[in-house]
Every structure is written in structure tokens, then in C-alpha cells.
Amino acid sequence: MRLVFAGTPEPALPALQRLIDSPRHEVAAVLTRPDAVSGRRGTPTPSPVAQLAADHGITVLKPTRPNSPEFVAELAGYEPDCCPVVAYGALLGAGLLAVPARGWVNLHFSLLPAWRGAAPVQAAIAAGDEVTGATTFQIEPDLDSGPVYGVVTETIKDTDTAGDLLARLAESGAVLLASTLDGIAEDALVPVPQPAEGISVAPKITVEAARVRWELPAHVVDRQIRAVTPNPGAWTMLGDMRIGIGPVTPVVDDLGLAPGQLAVQKRRVLLGTGSAPVELGTVRAPGKKPMNAADWARGARLDEQVRAS
């Protein structure tokens, strides 16, 4: 089939590469978000998907208004049979949805109808789910509600960060998306409507939502931090200093630490929660790179009377 691939961030790269390499499909163009401004100089930077497409000599489309009549007409000019989507980052209006004869097929990183929305991997970890996966489905106007073509499952490990889990799902999901498109091309797949039960929503995680709530039990704090690692990154206030918090390890020591209370030991830094303490792994002080918590504590000369909040 002739494809226009829509995607933006790094997790979309395995799927795009697999479709570029496929002898059964032609990636005629790539649709991605406009270049993001980054760095102190505000230099516009192409998305990872844009860069990969450019490396292969594929036309890159970066509309600021993808649902405008002008861009809908431009996309139609590529005459795509189907438009696969992996984390494009913009809503698709009725005009765009009507362009490809075989529709838009989304690769979503959850087992739908669980965790519809922008942050399904983060939500699954934060909720303590033991299993998640990826789903291919036909896009409809409502959020992640279209009929399903196929799924793959993935066990969530006790130490998984969102970055770890998403990297695995990006690889297995790429295989799923390619096989889904093969089946569509062969008229061998019929999408099945999602069940009406079991719907949950995973909205985009804000920076404020990534602030650690030390009054929660240790196992919940552990999941909360892993769910927002590496992005947007967990953080807390230590007095008037904001520090980034990497994944922690719940410990069995009963030191009687109150939520947010520090205990700086020779080789480790403990912090109280609503149940048992947790051992800090890495921390990131303002303007600094992440470093081992014990090394950071020695240099910071922490006052153990200061509470994290």
C-alpha cells in the first residue's frame, strides 16, 4: 500500500523504520509536528520522525494547522491508501480522516479500551498494572475509540520506568503495526469494536502532577516516580530548593521517618513516606546533572530538619 506515516517522538521510530524497510508498502511522505524550539538559543529542531524520514529521502510534512482545508488538499495529493499513526500529537479532523481509502490506523500503547489518551504507559505503571500492551485500531473522531485490528501484550516489571516500558512497546508495537497493514492490504483483517466496559483515560501528565506526594505509601511513591521517568521527571521541594528525583527503592528499615523526612546515612539517603521509607537513587539539583543521592547529599550539606514536600 501507499502510505503517509504520521508520528513525532522517538517511540515512533521503530514503526517508521519497519515500514520503510517493508517490501510490501511505500512510505510516500511523513506527517509530523513542526520543529520544536530547544536549547538556550532557541534553535528549531526537527522531530525524531522528521529526521529519520529526511535520512531516507522521504518528503516531510510539518503543517501548523493540519486540519486546514489547504493541508487536507495537500495530503490528498499524495494519494495514500492508508495512513498509519504513532504518537503524532494532534487531533485529526473529519477532513483528514476522509483522505485515505483504507483509513488511518493508530498504534496505541495500551490494551484498549484501557488507558485511552496521551499517557497510557505512564498511567499503567502508576496504577500498578501487571500487564499492558499495544493496540492497532482504526481512528474515529472520538478519542482512541475505534475498532481494533490487533494487540500485543507486555509484562510490566517491578523496576520499569515509563521510558523502559515504552522502549519495549515501541519495538513490539512496530511489528504489530506492520502486520496489521499487511492484513489490511490483503483484505484479511476486519476490525472488532472495542468493548463498552473497562474504559479508562490517561491524560497528558503535567509538570505539577509529577511532584512527589510523600504522604502516600512507599509502593505508590515508587510507582509514581517510575511513571514519570524520564519525562516530565519526578520532583520535590527541599526547603526552597527544587530537586529532580530518579527512581527510588522501598526499604524495610523502620526508622520512624515521617512523610518527607530525610535521613542521610554514609552510603544512602532515605526519605519517609506514608508507610516505610524509600532510598533515593539519583537526584538532580537545579542546574546540575543527575548524580548519586549519597554523593549529592555530602556536597549539599543537607539539614535533616528540612522536609521534602
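Tutor: A residue counts as buried here when its relative accessible area is under 20%, as exposed when that area is over 50%, and as partly exposed in between. The model we are discussing is a predicted one.

Student: Is Tyr-149 buried or exposed?
Tutor: Tyr-149 sits in strand S9, which covers residues 148–155. Its relative accessible area is 14%, and the cut-off for burial is under 20%. Tyr-149 is therefore classed as buried.

Student: Which side chain does the side chain of Tyr-149 join in a polar contact?
Tutor: Setting aside residues up to four places away in sequence, Tyr-149 touches a group that includes Val-105, Phe-137, Gln-138, Thr-180 and Leu-189. From this group, one residue also makes a side-chain polar contact with Tyr-149, at 3.4 Å. That partner is Gln-138.

Student: How far apart in space are Tyr-149 and Leu-271, C-alpha to C-alpha?
Tutor: In sequence, Tyr-149 and Leu-271 are separated by 122 residues. For scale, the C-alpha trace of the protein chain spans about 65 × 45 × 30 Å along its principal axes. Between the two C-alpha atoms the distance is 46 Å.

Student: How are helices H1 and H6 oriented, given that their axes cross at roughly 40 degrees?
Tutor: The axes of H1, residues 13–21, and H6, residues 162–185, come within 8 Å of one another and cross at roughly 40 degrees. Angles under 35 degrees would count as roughly parallel, and those from 65 to 115 as roughly perpendicular. The angle falls in neither class, and H1 is therefore, with respect to H6, oblique.

Student: How many charged residues are there in the contact of H1 with H6?
Tutor: On the H1 side the contact is made by Pro-14, Ala-15, Arg-18 and Leu-19, and these meet residues of H6 including Ala-170, Glu-171, Ala-174 and Leu-181. Sorting the residues of this contact gives nine that are nonpolar and none that is polar, while the number of charged residues is two.

Student: Which side chain does His-25 join at 2.7 Å?
Tutor: His-25 lies in the loop between H1 and strand S2, and it is buried, with a relative accessible area of 8%. Its side chain reaches the backbone nitrogen of Met-1 at 3.2 Å. Beyond its neighbours within four places in sequence, the contacts of His-25 include Leu-3, Leu-19, Ala-178 and Leu-181. The polar contact of 2.7 Å, which joins two side chains, is made with Asp-182.

Student: How are H5 and H7 oriented to each other?
Tutor: Helix H5, residues 120–127, packs against H7 with the axes 8 Å apart and at an angle of about 170 degrees. Their crossing is right-handed. Since angles over 145 degrees count as roughly antiparallel, the relation of H5 to H7 is therefore roughly antiparallel.

Student: How many of the 10 residues of H7 are buried?
Tutor: The buried residues of H7 include Ala-218, Val-221, Ile-225 and Ala-227, and also Asp-222 and Arg-226. Among the elements that cover them are H5, H6 and strands S10 and S11. H7 is mostly covered, and of its 10 residues the number buried is seven.

Student: From which residue does the cis peptide bond to Pro-113 come?
Tutor: Most peptide bonds are trans. Pro-113, in the loop between strand S7 and H5, is preceded by a cis bond with omega near 15 degrees. A second cis bond, with omega about 0 degrees, joins Asn-231 and Pro-232. The bond to Pro-113 comes from Leu-112.

Student: What is the phi of Trp-115?
Tutor: Most residues other than glycine have a negative phi. Trp-115, found in the loop between S7 and H5, departs from that pattern with a positive phi although it is not a glycine. At 17% relative accessibility Trp-115 counts as buried. Its phi is about 55 degrees.

Student: Which residue has a side-chain polar atom 2.8 Å from the backbone nitrogen of Trp-115?
Tutor: The residue sought lies in the loop between H6 and helix H7. Not counting residues up to four places away in sequence, it touches Pro-113, Ala-114, Trp-115 and Arg-116. The polar atom at 2.8 Å belongs to the side chain of Ser-200.

Notes: Residues numbered from 1 in each chain as written. Predicted model: local features only at pLDDT ≥ 70, side-chain atom pairs only at ≥ 80, totals over all residues. Heavy atoms only, no water. Axes fitted to C-alpha atoms, helices over the stretch in contact; angles between N-to-C directions. Helix = DSSP H or I, 4+ residues; strand = E, 2+ residues; numbered from the N terminus. Contact = heavy atoms within 4.5 Å. Nonpolar A, V, L, I, M, F, W, Y, C, P; charged D, E, K, R; others polar. Buried < 20%, exposed > 50% of the residue type's maximum accessible area, 1.4 Å probe, protein only. Polar contact = N/O pair within 3.5 Å; in protein donor to acceptor, adjacent residues only side chain to side chain. Left-handed = near helix turned anticlockwise from the far one by under 90°.
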